[in-house]
Amino acid sequence: MKLSDKIAFGIVTGYSFFHLLILIGILPQNIVWGGKIIEPKTILYLEFAALLIMLFLGFLVLIKTKIVQWNWQVKTINRWLLAFSIYFLLNTFANLLAETTFEKAQAILTLILAISLFNLAKRKL
């Protein structure tokens, strides 16, 4: 596993724990989704979806780096990684436009993650 792979997996793992901490109530819900979603049930749905997406992305990284053996074509894995890379690049811009300092700071992590996922998708293993 290259350094950029470890960075990507570390960020994904960190975000997974972050979403889990919000789901179980250790972190306040007003620090996510721009602090604009008031309905607790809606935040729980969104955070659960975000956690599942992060777990799926972590699984993709483990498959691509051959830590986990899975019978998917390399093209499929690469397309998923590229899609996530584009998503996190767009998310970087959204974070920069956010109102809270906490979400603005996330722009650095999402940009690093986008670049790492792009590099992972383009690398032949």
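Start by selecting alanine 94, which is partly exposed at 44% relative accessibility. You will find alanine 94 in helix 3. Keep in mind as you look around that this is a predicted model. Now add serine 116 to your selection, 22 residues further along the chain. Draw a distance between the two C-alpha atoms, and the viewer should show 19 Å.

**Next stop: a pair of rings**

Select phenylalanine 84 and phenylalanine 88. Their rings form a stacked aromatic pair, with centres 6.5 Å apart and planes at 25 degrees. The planes count as stacked because the angle between them is under 30 degrees. Both residues belong to helix 3, and because they are four residues apart there, about one helical turn separates them. Are these two rings buried or exposed? Phenylalanine 84 is buried, at 9% relative accessible area, and phenylalanine 88 is buried too, at 4%.

Now widen the selection to Phe56, Trp72, Trp80, Phe84, Tyr87 and Phe88, which together make one aromatic cluster.

**Into the core**

Stay with phenylalanine 88 and show what surrounds it. Setting aside neighbours within four places in sequence, phenylalanine 88 touches Met54, Leu57, Thr110, Leu113, Ala114 and Leu117. Phenylalanine 88 also belongs to the largest nonpolar core, which has 21 residues. Which residues have the most contacts inside this core? They are Leu57, Leu81, Phe88, Leu113 and Leu117, so select these five together. In soluble globular proteins, nonpolar side chains tend to be buried together.

To see where the core comes from, colour helix 1 (3-23), helix 2, helix 3 and helix 4 (101-122): each of them gives two or more residues to it. The largest share, six residues, comes from helix 1.

**Last stop: another pair of rings**

The structure holds eight aromatic pairs, and one more is worth a look. Select phenylalanine 59 and tryptophan 70: their ring centres are 5.0 Å apart and their planes lie at 85 degrees, so this pair is edge-to-face. Which parts of the chain does the pair tie together? Phenylalanine 59 sits in helix 2 (residues 40-64), while tryptophan 70 sits in the loop between helix 2 and helix 3 (74-96), so the pair links parts that are eleven residues apart in sequence. Finish by switching on the surface around these two rings. Phenylalanine 59 is partly exposed, with a relative accessible area of 27%, and tryptophan 70 is also partly exposed, at 46%.

Key:
Residues numbered from 1 in each chain as written. Predicted model: local features only at pLDDT ≥ 70, side-chain atom pairs only at ≥ 80, totals over all residues. Heavy atoms only, no water. Phe/Tyr/Trp six-rings, centres within 6.5 Å; stacked < 30°, edge-to-face > 60°. Buried < 20%, exposed > 50% of the residue type's maximum accessible area, 1.4 Å probe, protein only. Core = buried A, V, L, I, M, F, W, Y, C linked by side-chain atoms within 4.5 Å. Contact = heavy atoms within 4.5 Å.
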